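Hi everyone, thanks for coming. I'd like to take a few minutes to walk you through a structure, so please have a look at the screen.

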Amino acid sequence: MKYAILSDVHSNLEALGSVLQEIERDCPDRKIFLGDAVGYGPDPNGVVEPLAAYCDVCLAGNHDWAALGWTDIQYFNPYAQEAILWTQKVLTPTNWARLKGLRLEWTEGDLRGTHATPKEPDQWHYLFTLSEAGRNFRCFTEKLCFIGHSHVPLFLERDPSGTIHIYPKGEALTLREGYRYIINVGSVGQPRDGDPRACYALYDSETQAIQLKRVAYDIARVQEKMRREGLPGYLVERLVRGR
Ligand code: ZN
């Protein structure tokens, strides 16, 4: 079975469109979206609908919950706050209801997915260190957990003795028998690893191969829409830097 896993679209319709086109060429059996459909970008209504229609599984992220008023945006930086308040104003009742229906976790056989971390998925923790990784591996039983949230792709591997290895900016990996994994699939709509291209992951359960794919998209067009909507300049600029 082939899986395409994508996360953190953040109202970036151009990035989503280019990624969905590329995914069509991959011919996956299942399409899994790990949350943060909205926030930051200019097309909240434009992305929620195709995500709901195209993906077999759609999860909620902290920005989706913030748009619904379920997460206190005091903890967001001022730019993110401004973008969420704007998103709340423009989101249609239909798309609001779609976001409301998103769940926090997905499991399927040996696989799990959640937006932030397997530990307390509704608390939106970040996972950067080995000690956090250790705690998180104890919070699920599947072989493999896909996450997003940091917008930075990352492969974490736990060997049978419990030692954890980090493969930062990993682009491809073949899963080993008896090992377990947490894989951050990066971000479609606002990458922060220095590569501005949209990012998603492909996983083949037959060959046990995981691959990160990067897709160029029309950044200038998104920036133009963001300026037109009066979204914060910092958010407009960071798309080109991929930071
Ligand atoms: Zn995000």
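Let's begin with β1 and strand β11, residues 198-204: they pair in the antiparallel sense, over 4 bridges. If you look for Tyr-3, its bridge partner in β11 is Tyr-203. Please keep in mind that this is a predicted model.

On to another partner of β1. Strand β1, residues 2-6, also pairs with strand β2, residues 30-33, and here the sense is parallel, again with 4 bridges. Within that pairing, Ile-5 stands opposite Ile-32 in β2. How are these strands connected? Helix α1, residues 13-26, joins β1 and β2 in a β-α-β unit, and the unit is right-handed.

From β2 we can carry on outward. Strand β3, residues 57-58, pairs with β2 in the parallel sense over 2 bridges, and Ile-32 turns up once more, this time opposite Val-57 in β3. To get from β2 to β3 the chain passes through helix α2, residues 44-54, in a right-handed β-α-β crossover.

Now, the whole sheet. Which order do the strands take? It is β3-β2-β1-β11-β12-β9, an open sheet of 6 strands with mixed pairing. The edges are β3 and β9, residues 172-174; each has a single partner strand, so one side of each has no neighbour in the sheet.

Let me turn to the aromatic rings. We count 8 aromatic pairs in this model. One of them is Tyr-126 with Phe-128, a stacked pair with 6.0 Å from centre to centre and 0° between the planes. Is Tyr-126 buried or partly exposed? Partly exposed, at a relative accessible area of 39%. Elsewhere, ring pairs tie Tyr-3, Trp-106, Phe-146 and Tyr-203 into a cluster. You'll recognise two names there: Tyr-3 and Tyr-203 are the bridge partners I mentioned at the start.

Rings also meet charges. Lys-31 lies over the face of Tyr-54, 4.5 Å from the ring centre. Arg-180 places its charged end over the ring of Phe-140, at 4.6 Å from the centre.

Arg-180 takes us to a residue I'd like to spend a moment on, Glu-142, since the two are in contact. Where is Glu-142? In the loop between α6, residues 130-137, and β6, residues 144-147. Despite that loop position, Glu-142 counts as buried, because its relative accessibility is 10% and the cut-off for buried is under 20%. What does Glu-142 touch? Leaving aside residues up to four places away in sequence, the contacts are Thr-107, Gly-109, Asp-110, Leu-111, Arg-112 and Arg-180. With Arg-112 there is a side-chain to side-chain polar contact of 2.8 Å.

My last stop is Ser-187, in the loop between β10, residues 180-184, and β11. Ser-187 is buried, with a relative accessible area of 1%. Which backbone atoms does its side chain reach? The backbone oxygen of Asp-8, at 2.8 Å, and the backbone nitrogen of Gly-189, at 3.3 Å. Again setting aside residues up to four places away, Ser-187 touches Ser-7, Asp-8, His-151, Ala-198 and Cys-199. Ala-198 and Cys-199 bring us back to β11, residues 198-204, the strand we started from.

That's my tour. Thanks for listening, and I'm happy to go back to any part of it.

Conventions: Residues numbered from 1 in each chain as written. Predicted model: local features only at pLDDT ≥ 70, side-chain atom pairs only at ≥ 80, totals over all residues. Heavy atoms only, no water. Phe/Tyr/Trp six-rings, centres within 6.5 Å; stacked < 30°, edge-to-face > 60°. Buried < 20%, exposed > 50% of the residue type's maximum accessible area, 1.4 Å probe, protein only. Lys NZ or Arg CZ within 6 Å of the ring centre and 35° of its normal. Contact = heavy atoms within 4.5 Å. Polar contact = N/O pair within 3.5 Å; in protein donor to acceptor, adjacent residues only side chain to side chain. Pairing = 2+ DSSP bridges. Right-handed = clockwise from strand over helix to strand, strands pointing away.
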